Amino acid sequence: MSQYNYNTRQHYTCQWNNIFFVHYFRWEESRFQIYQVLKSIAASDACFYHSANLKFLFFPDHIKSKLLVFEWKNNNFTEIQSVQTPSRTQTCTSFFINNELYVATGGWAPSNATTIYKWSGTQFLEFQILDTSYVSRLSHIVVGHHVLLAAASMISADSSFAAHSNVYRLNGSRFTLFDAVTTQASRSARFFVVLGNIFLAVANQGRRIGGGKASSSIYKVTQDRLVPHQEIRTSAASDIWPFVYNGQQFLFVANTHDGDAFTTNSTVYRWQE
């Protein structure tokens, strides 16, 4: 599931749990209503970009190894491009910086698993390939004239659950490695900001059933590296989602199992000074 806000009254969300279709919902009259059904063989994620002039919806198709690009036209999304990706694409994120629009895809491959595309005005063209492995989630944050891009790696190139999840920074016209952290089958990594400080929350799934639990981690972003800030207790975390409510910062963690069975509680954490 993925969501975005178009304005103060319209809230959209996508659901891709059907192998042939993606359901696109809009918030109307205190509930989500199906607004449009889009065809996709195996969409595994969704990301959005919208401005006054451009509105795009992206689906990574992990079976056909494609990025499907839809543009908002006449009050509906219309497919305008199908980009062949180097690996089985699992996730995507889009961002606008220095008057340029980019979309990054993360795939299931032992190396070079992240590809960044740039909007040419008529289509998305390959911009740069990053050396990541088995990417389960991409996320970004714009900081001034820089972008930080985090790639959560599920496993390493040699199929170990102890992998390096990389964070890249856009310097000038290229992305360069900013830092890397050791993760345990990381399923997600997302940035958030508290009192002007940038943090990266990493959801570690750890090994499968019977393989024990893995805590998840929060890192503080400094000028030149990621500094460990806090370990939080999770149980095979599959995602981690920062959000703000009533001016307070929260983290929602979706847990999948307790180490023995797929029955466990998920957790909400609140930031406290």
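Which residue's side chain meets that of Asp-239 in a salt bridge? The partner is Arg-137, with 3.6 Å between N and O. The numbered points below place this pair in its setting; the model under discussion is a predicted one.

1. Overall make-up. The protein contains 23 strands and zero helices. Of its 273 residues, 51% are buried. Among contacts with a separation of 6 or more, 35% are between residues 24 or more positions apart. The accessible surface amounts to about 13600 Å², and carbon and sulfur atoms account for 47% of that area.

2. The salt bridge of Arg-137 and Asp-239. This pair brings together distant parts of the chain, since Arg-137 belongs to strand 13 and Asp-239 to strand 21 (residues 237–245), 102 residues apart. Arg-137 has a relative accessible area of 16% and is therefore buried, the limit being under 20%. Asp-239, at 17% relative accessibility, also counts as buried.

3. A second partner for Arg-137. Arg-137 also forms a salt bridge with Asp-45, and here the closest N and O atoms are 3.2 Å apart. Again the pair links distant parts of the chain: Asp-45 sits in the loop between strand 4 (31–39) and strand 5, whereas Arg-137 is in strand 13, 92 residues apart. Both Asp-45 and Arg-137 are buried.

4. The network. The two bridges described above belong to a network of salt bridges that links Asp-45, Arg-137, Arg-190 and Asp-239. In general, side chains of opposite charge can pair when their charged atoms come close. The count for the protein comes to four salt bridges.

5. The bridge of Glu-28 and Arg-26. The side chains of Glu-28 and Arg-26 also meet in a salt bridge, at 2.7 Å from N to O. Glu-28 has a relative accessible area of 30% and is partly exposed. Arg-26, by contrast, counts as buried at 16% relative accessibility.

6. The disulfide. The count of disulfides comes to one. Its two ends are Cys-47 and Cys-92, with an S to S distance of 2.5 Å. The link of Cys-47 and Cys-92 is left-handed, with -125 degrees about the S-S bond. Distant parts of the chain are joined here: Cys-47 lies in strand 5 (residues 47–50) and Cys-92 in strand 9, 45 residues apart. Cys-47 is buried, with a relative accessible area of 7%, and Cys-92 is buried as well, with 4%. As a general matter, a disulfide is a covalent bond between the sulfur atoms of two cysteines.

7. The largest nonpolar core. This core has 17 residues, of which Phe-95, Ile-116, Leu-149 and Phe-175 touch the most other members. At least two core residues come from each of strand 9 (88–97), strand 10 (100–108), strand 12 (124–130), strand 13 (135–143), strand 14 (146–153) and strand 15 (162–171). Strand 14 supplies the largest share, three residues. In soluble globular proteins, nonpolar side chains tend to be buried together.

8. The surroundings of Leu-149. With neighbours within four places in sequence left aside, Leu-149 is in contact with a set of residues that includes Ile-116 and Phe-175. Other contacts of Leu-149 include Thr-93, Ala-104, Leu-130, Leu-138, His-140 and Tyr-168. Apart from the largest core lies another core, of 15 residues, among them Ile-141, Ala-150, Leu-200 and Leu-226.

9. A buried threonine. Thr-115 is part of strand 11 (residues 114–119). Is Thr-115 buried or exposed? With a relative accessible area of 1%, Thr-115 is buried, because buried means under 20%. When neighbours within four places in sequence are set aside, the contacts of Thr-115 are Pro-86, Val-103, Ala-104, Thr-105, Glu-126, Gln-128 and Ile-129.

10. Nonpolar residues at the surface. Phe-243, Tyr-245, Phe-252 and Val-268 make a nonpolar surface patch of about 380 Å². Val-268 is found in strand 23 (residues 267–270). The relative accessible area of Val-268 is 49%, so Val-268 is partly exposed, since exposed residues have over 50%.

Note on methods
Residues are numbered from 1 along each chain as its sequence is written. This is a predicted model: local features need pLDDT of at least 70, side-chain atom pairs count only at pLDDT 80 or more; totals for chains, interfaces and linings use all residues. Side-chain values use heavy atoms; hydrogens and water are left out. Helices (H or I, at least four residues) and strands (E, at least two) are DSSP runs, numbered from the N terminus. Buried means under 20% relative accessible area, exposed over 50%, partly exposed in between (1.4 Å probe, protein chains only). Contact means heavy atoms within 4.5 Å. A nonpolar core is a set of buried Ala, Val, Leu, Ile, Met, Phe, Trp, Tyr and Cys residues joined through side-chain atoms within 4.5 Å. Patches are made of residues with over 30% relative accessible area and no salt bridge: like charges are joined within 9 Å, nonpolar side chains (Val, Leu, Ile, Met, Phe, Trp, Tyr) within 5 Å. Accessible areas come from the Shrake-Rupley method with a 1.4 Å probe; for residues, only the protein chains shown count as cover. A disulfide is a pair of cysteine sulfur atoms within 2.5 Å.
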